[in-house]
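Work through the exercises below with the sequence and the structure at hand. Try each task before you read its solution.

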Amino acid sequence: MLATARTFTLDGISARPVRVEVDVHRGLPNFTIVGLPDAAVREARERVRAALVNCGFEFPLKRIVVNLAPASLRKAGPGMDLAIAAGLLSASGQLEWEGLARVALAGELALDGSTRAVQGALAMAEAARESGAEAIVLPAENGPEAALVEGIGVIAVDSLGRLPGLVEGSWDPPRPQPLALRLDPSPAAPDLADLRGQPHLRHALEVAAAGGHSLLMVGPPGAGKSLAASRLPSILPPLAPAEALEVARIASACGRLESLPAGRPLRAPHHTISAAGLIGGGSPPRPGEATLSHRGVLFLDELCEFRRDALEALRAPLETGEVSIARAGGQRNLPCRFMLVAAANPCPCGRGETDPDCACAPYDVQRYQGKLSGALADRIDILAAVAQPSAAEIGGPSGEPSAAVRERVCAARERQEWRLGAGRSNAEMTPAEARACALSGDAANLLADLYARQRLSGRAHDRALRLAQTLADLAGVEEIGEEQMAQALQMRRRGRD
Ligand SMILES: [Zn+2]
């Protein structure tokens, strides 16, 4: 007898439909899985066999062939166990499931028949809805994330033994409560009030947050660079519900949904990370840190220590907001619209050449700064020189709290969204949009003058415009004035004044 069931395999952060065909034939007892399965899928044989027996079903001593279609698609992970088991029960006549073809199933089975959570259940529920399935059956732990998807039934089961009751109609589980998406950072999140003094750094953070600009902080260790970066999510605007769903989809595909942050994500990978770890890779492609920081902040501390190839790999995604991974089956795109924040020491010893204690040889300093300018420098909008805070600053009153800064940031973002469309910020303006910014005569002269004198590249010219526009949005003025332009040009340089 033949039975078919629908399931999914995870590919990047999207779920691809897989048809499970189960054929049970008389012959020498044998259990084969074909259709490009990986090791975890092949091992489903052992899990399904034990789960069936331990749930009181019979494991047919016949020739069993499971075909996973389409055969050209690589199937990975243990998430197909439940569909294979259901197909086997139907094909062996133990479960008369007429509607099997109209539902989708996903889930791993334990040897005792209980279900175990799968990665990417949110994407799978979406894919099930798109494929026209009436409902998706999945493990109980995955219920809340799948329930975020409207327009499809969600049946959460804790064991394979639940299927007969479900099919007969004697067990009718309620739809699971959907996961609560937290759009705002939790009240216990670190607050910007902890950053004492440092007016330049505070201003740079506020402008970066207001326009979604990338920021590089250069200063000695202990100057508060890491502290500042960790407070950035608390001054960014709350996530829109659609954005929060994107963040949850990525976390779900990486199996990190339990640690889903409240508000925008902040990722701070160590500098030894590989290019694949940073932007994603592998087969099937797995998201990297860039994708995990989608809609949030990617913080690269000790920027000069990162591997050159890793930073190079980040350049294109920074520009397009997407990671493209070429694979045999075609190209996979993973979203990665994040704010880049980086920190670096001014010289190898960290004190800075102007410090009398700096013992770095001029050659070393030169080489180090060469690394700094090579590393993504042309992708950085704001360069902030950070000095060690004075004793008076450290002992002084705490700084302005995040909530107050965030209010100004949100007001500036509102102006941007009104101009550019929902969810977009000045940093994402196309060159054409940047050049269409309203500019006073004085501001235009200032920019043209610098453009001619310093031979600014076209890219740098547009970056200055984007930054000046953010300063104008923060000031609440309709056109970029001379003051905002001068300040923008200043913030793009590494001045210490
Ligand atoms: Zn030094």
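## Exercise 1: A charged pair between two helices

Arg249 has a relative accessibility of 22% and therefore counts as partly exposed. This value, like the others here, comes from a predicted model.

Task: Find out which residue forms a salt bridge with Arg249, and explain which parts of the chain the pair ties together.

Solution. Begin with the general idea that side chains of opposite charge can pair when their charged atoms come close. In this structure the partner of Arg249 is Glu126, and the closest N and O atoms of the two are 2.8 Å apart. A salt bridge requires such a nitrogen and oxygen to lie within 4 Å, a condition that the distance of 2.8 Å meets. Next, place the two residues: Arg249 belongs to helix 9 (residues 241-253) and Glu126 to helix 4 (residues 121-130), so the pair ties together parts that are 123 residues apart in sequence. Finally, consider the surroundings of the partner: Glu126 has a relative accessible area of 13% and is buried, because buried means under 20%.

## Exercise 2: Two further pairs

Task: For the salt bridge between Arg408 and Glu206, and then for the one between Glu243 and Arg264, state the N to O distance and decide whether each residue is buried or partly exposed.

Solution. In the pair of Arg408 and Glu206, the distance from N to O is 2.7 Å. Arg408 lies in helix 15 (residues 402-420) and Glu206 in helix 7 (residues 199-211), so that distant parts of the chain, 202 residues apart, are linked. Arg408, at 34% relative accessibility, is partly exposed, whereas Glu206, at 12%, is buried.

In the pair of Glu243 and Arg264, the N to O distance is 3.5 Å. Glu243 is found in helix 9, while Arg264 sits in the loop between helix 9 and strand 11 (266-267), and the two are 21 residues apart. Both Glu243 and Arg264 are buried.

## Exercise 3: The whole structure

Task: State how many salt bridges and how many disulfides a search of the whole structure finds, and name the residues that are linked in a network of salt bridges.

Solution. The search of the whole structure gives 30 salt bridges. Glu319, Arg379, Asp381, Arg459 and Arg463 are joined in a network of such bridges. For disulfides the search gives zero. As for the cysteines, one can look at Cys55, which is partly exposed with a relative accessible area of 23%, and at Cys437, which is buried with a relative accessible area of 12%.

Terms used
Residues numbered from 1 in each chain as written. Predicted model: local features only at pLDDT ≥ 70, side-chain atom pairs only at ≥ 80, totals over all residues. Heavy atoms only, no water. Disulfide = S-S within 2.5 Å. Buried < 20%, exposed > 50% of the residue type's maximum accessible area, 1.4 Å probe, protein only. Salt bridge = Lys/Arg side-chain N within 4 Å of Asp/Glu carboxyl O. Helix = DSSP H or I, 4+ residues; strand = E, 2+ residues; numbered from the N terminus.
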